[in-house]
Amino acid sequence: MQHLSFSVMPLALPLAILFAGISVGQSKNPGDLAGNAESGKAVFVKNGCYQCHGYQGQGGFAGARLMQTKLSQTGFIGFVRNPPPGGMPQFRAKIMPDQELADVYAYIKSIPEPKPVKDIPLLNGL
Amino acid sequence: MSKSKKAPSVVERVDRRGFLRGAAGAAALAAQAPLAKPQQAERGSPAESTAAVEVAGNEKPGSDFMIDVIKSLGIEYCAANPGSSFRALHESMINYGGNSMPELLTCCHEESSAAMAHGYAKIEGKPMMIMAHGTVGLQHASMAIYNCYADRVPMLVVLGNILDVNYRRGSAEWVHSVQDAASLVRDFVKWDDTPVTLQHFAESAVRAYKISTTVPMEPVVIVADGTLQEEPIREKNLRIPKLVMSSIPQGDSGAVADAARILVAAENPVVVAGNVARTPRGIELLVELADTLQARVHDQRLRMNFPSNHPLAGRSGATRATPNITDSDAILALEADDLWGVLHRSTPINRFGMETRPITKAGAKIITVSAVELNHKSNYQDFGRYVEADIAVTGDPEATLPELIEAVRKLITPGRKRAFEERGKKIVEANRKAHQMDLEQAALAFDATPVSTARMAGELWAQVKNEDWSLVSNDRHCSFWPTRLWNFTKQYQFIGAQGGAGVGYNAPASVGAALANRKHGRLTVSIQDDGDFNYLPAVFWTAAHHNIPLLSVMHNNRAYHEERMYIQLYGAKYNRAVDRSDIGTALIKPDIDYATVAKGYGVYAEGPIGDPKDLGPAIRRGIERVKAGEPALIDVVTQPR
């Protein structure tokens, strides 16, 4: 049995930058849907978002960092609906309704900030 | 027809006294004959007993002579699952040969045998031998032989087969016999032969070893006919030919000089290192070239080619996934993997209508150095897509580097040297930032359950960094954390992946690599994917039985995860469902208790570990057992990647 390489991976870094490094708006806007972080976590797991992004949205080789995203809810939903070609799958409303995405958004915004590197002994000196 | 009724041989038998006279003469001959010094002597040197030796016949079986031949090649180990078609060779190996050089290793599957040989050769630089039935055994072994072929690694495969119908007894020997045993794997071995006499066997075995260990190194097959093994030696004046290693193919001087001119003139050259360092010298040479040019080196991690923390070690952002060549005006590809894929980007997944575009800078020059071109085959497509290189140097990269370095040095003017130094400073600064980004990413989810792959790599590094360690697994499936965080400097510290991308390689290959490391006293560790483990778990019994010290840290994400991501991708693409991707991919319900499985094979084991705080102490306990000379397994429930 042979396994292929997951070919969206080379674009993981640009996506990481889009999700985590650029502020494209306030995290809460008047038109935002009310999101439930607990429900969002369940959707995150059920729909397999963690497969590429990690259970805490930390990202990795296969997916961008979502934890504490700087995207607004509108920007987040817009990205999931129309990701750049070659990156993550396009999730349409039939598969993930806006409300579920709002819940997922609430979840990834609720994940605490990580400890700084200097406070992690195993990473010191590397 | 039974063996006792077959036609009398026309070959004269020689009594024991005659054999002893012959042996004494052979010893004298061996003492007088100058030993041919192998030309490929850095690693993987064959046995010193390569002088011509005459062996007389007596009542010994032909398999004894075959063992003499194999011993002359300096092969340390032979892995096999026992099979009747090579029973005589088996018996000769352990009794006549004293079960030493080679020592027989008991395997529970022929794929384990071949993958163990694969891992062994990547550490030791020379082939191991495996034995298998020419039919069912080879069918089992074929996947691992293909990996070995695609990874350019030597291995000697000896197949048992009974060609003469008069010697086949019962139905099993009929279904285990084949007209052309090696045909099953001929597409992915470098050479094979089916000797019909013992002298023919001697010549072909020596030739096979030579072919396998000449770059591009690849597996070879010799069929040991059952009749030839089991019948008394009747041939007179048997002789084991001298093994003289071929010189290593080196790039043409003119082409190398042209390549040097391009590299020196370039504003931003990059080296893409695929299969470069056959020996520790290969790493030194690549460092020398990089330092001379102040050029970035992107190690594709097929081997340990370049120190991971060298200031010029290329980092593609934080992922190291793909060489960054977009800003380069000269690309030196040293036996690079999928070079076309390095130079282009494609839309993913949908092959129909797949769009590709070059990502090279306009006018960028492409130089390739590769010996693989010397042995292209047709059927299996491991050669990759055709690359339009500006200069294609045919030769082994390591053997070609000295001349290339010298040619580069001759062309460097003071002005170019100043430009190189400026370039080097920019690369070093970019790498410093990339490394800081690596550390910040590693910190994410560091205390999470399941355990993050960065935490797993960090905990393991903390325990091995002061040892003489060797990581014998690939790190792709754990987001490359070891190569992003650890300090790799020595050739045996990293051996890359399986070559043919066939799953089931890592567990047996890590055992084979640990076997090779054992005599050097190195601490061998492996990050073992759970999906891979389940193909050939019984290789851990082989490790326990033969006291092979190996620490396996299970990356237990409870799925064939890459495929799971694909299923999710397609579910989204067709706008159906993404919550069913576990079907056919997940290893859950029940969760597999790998520690219990390992214990069943006689291996020290702990787990499953889900709390990262428990991991460091468990690894320490495992290492204590490994240092005592036994295998150990620590099962860690992990994040997917």
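Before looking at any pairing I noted the rule that two strands pair if DSSP finds at least two bridges between them, and that helices (H or I, at least four residues) and strands (E, at least two) are DSSP runs numbered from the N terminus. I am working on a predicted model, in which local features need pLDDT of at least 70 and side-chain atom pairs count only at pLDDT 80 or more, while totals for chains, interfaces and linings use all residues. Residues are numbered from 1 along each chain as its sequence is written, and chains are lettered from A and ligands numbered from 1 in the order in which they are written.

**Entry: the sheet in chain B**

I looked up strand E9 (residues 269–273) of chain B and found 4 bridges joining it to E10(B), with the two strands running parallel. Within this pair, Val270(B) has Arg296(B) in E10(B) as its bridge partner.

I then followed the sheet outwards and found an open arrangement of 5 strands in chain B, in the order E10-E9-E11-E14-E15, with parallel pairing. Strand E10 (296–299) and strand E15 (391–394) of chain B stand at the edges with a single partner strand each, so one side of each is left without a neighbour in the sheet. Neighbouring strands of this sheet are turned by 15 degrees against each other on average, direction ignored; axes here are lines fitted to C-alpha atoms, for helices over the stretch in contact, and angles run from 0 to 180 degrees between N-to-C directions.

I also checked what packs on the sheet: helix H10 (residues 280–293) of chain B touches E9 and E10 of chain B, and its direction makes about 170 degrees with that of E9(B). Contact here requires C-beta atoms, placed from the backbone, within 7 Å.

**Entry: backbone exceptions**

I kept in mind that most residues other than glycine have a negative phi, and most peptide bonds are trans.

I found a cis peptide bond between Val215(B) and Pro216(B), with omega about -5 degrees, and Pro216(B) sits in the loop between helix H7 (198–212) and strand E7 (219–225) of chain B. The bond from Gly607(B) to Pro608(B) is also cis, with omega near 5 degrees, and I located Pro608(B) in strand E19 (residues 604–609) of chain B.

For positive phi I noted Ser479(B), at about 55 degrees although not a glycine, in the loop between strand E16 (469–471) and helix H15 (481–485) of chain B. Ser479(B) counts as buried because it has 31 C-beta neighbours inside 10 Å, the cut-off for buried being 20 or more other C-beta atoms within 10 Å, and for exposed 12 or fewer.

Key
Two residues are in contact if their C-beta atoms, placed from the backbone, lie within 7 Å.
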